[in-house]
Structure formats: C-alpha cells, structure tokens
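Here are a few notes to read alongside the model. They take the sheet before the pocket.

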Amino acid sequence: MKKFIYFACLATVVLTFAACSAGSPGEAAKKYANYLKSGNYEKFAEGIAMSDDVSAEEAKEGRQMLAAMMQEKGKMAIDQKGGIDKIDIVSEEIAADGENAKVVLKLTFKNGDDEEMTYNMVKQKSDWKIDMSGK
C-alpha cells in the first residue's frame, strides 16, 4: 500500500511539472507580455528564441542588449499610455508541425488605448519562445 501511495504522489508531481512546462503558445506570449507590463525586461528577454548555432555567451549578451533596449525605448512607449492595464489572448494558431505558432494579444493601456500585437512563437526544448528571426 505504501508503494502505491508513493507512486501516486510521484506521478502527480511529475504530471504537474509536465503541465506547467508545456503550456500553450498563447499563454507563453501572455506571460512574456506580462513581464513587459511589470517592467521585468530581463525575464522578457529570456523568452526570446535563440538560434541553435548561437553560443550560450552570445545568447546571454543578445538578451542583455534586448533588455537594455526595452528598458530604454519600450518603457517610454508603454509609460506614454499610462502603462499596460490588461492583456488578452485574441487568437492562437498552432502550425501543423506543432513547433510554430502565431499568437495575437490585445494590450489595453491605462489611458484607454488598445493595441494588438502579433507574436510568432517557436517551441524550443518543450517551451514556447518568441521567434524574432523573421521566418
């Protein structure tokens, strides 16, 4: 009986972690947009997909540069509209290969403006990331 309970608990933990890491591309895009909302540009930059031929050091430097650029330019654009009030998923289209997706988010700003943003997403190591490669 103890082995069964142990196995049931272990299976629950494993399935919980699997469910948390997979997620949908829409939820991932919304999570990254929420990092922008909260001003956590480093976490936003971690959500950018890097090519497999980029070294770990190059990826780190690229993400640092993106975070700095977002801090400087992106924050100003968001602040001009009073900040982001709400983020909604408008649509999510997953490609037949299951590895690429297009997500449209609606950002509602505190000044009442709305803006739709399209994110191309790619699955990397079971996580959805923002694809900025232009493919």
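1. A definition comes before the strands: two strands pair if DSSP finds at least two bridges between them. Keep in mind that this model is predicted.

2. Start with the sheet. Four strands form it, and it is open. Their order is S1-S2-S3-S4, with antiparallel pairing. In general, strands of a sheet pair through backbone hydrogen bonds.

3. Now look at the edges. Strand S1 (84–94) stands at one, and strand S4 (127–130) is also an edge strand. Each has a single partner strand, so one side of each is left without a neighbour in the sheet. From one strand to the next, the twist averages 35 degrees.

4. Next, S2 and S3. These two run antiparallel, and nine bridges join them. Which residue in S3 is the bridge partner of Val104? That residue is Thr118.

5. One helix deserves a look here. Helix H2 (residues 25–38) lies across S1, S2, S3 and S4. Relative to S1, H2 runs at about 155 degrees.

6. Turn to the largest pocket. Its volume is about 350 Å³. The lining has 17 residues, and the closest to the pocket centre are Ala49, Met50, Ser51, Asp131 and Ser133.

7. Which elements give two or more residues to that lining? They are helix H4 (56–80), strand S2 (100–109) and strand S3 (114–124). S3 provides the largest share, four residues. Strand S3 thus links two parts of this note: it is joined to S2 in the sheet, and it contributes to the pocket lining.

8. Last, the lining by class. Eight residues are nonpolar, six are polar and three are charged.

Conventions:
Residues are numbered from 1 along each chain as its sequence is written. This is a predicted model: local features need pLDDT of at least 70, side-chain atom pairs count only at pLDDT 80 or more; totals for chains, interfaces and linings use all residues. Side-chain values use heavy atoms; hydrogens and water are left out. On a 1 Å grid over the protein atoms alone, a cavity is a set of points where a 1.4 Å probe fits but cannot get out, and a pocket is an open set with protein on both sides within 12 Å along at least five of seven lines; lining residues have an atom within 4 Å of a point. Grid points are joined across faces, edges and corners, and a volume is the space filled by probe spheres set on the points. Ala, Val, Leu, Ile, Met, Phe, Trp, Tyr, Cys and Pro count as nonpolar, Asp, Glu, Lys and Arg as charged, and the others, Gly among them, as polar. Axes are lines fitted to C-alpha atoms, for helices over the stretch in contact, and angles run from 0 to 180 degrees between N-to-C directions. Contact means heavy atoms within 4.5 Å.
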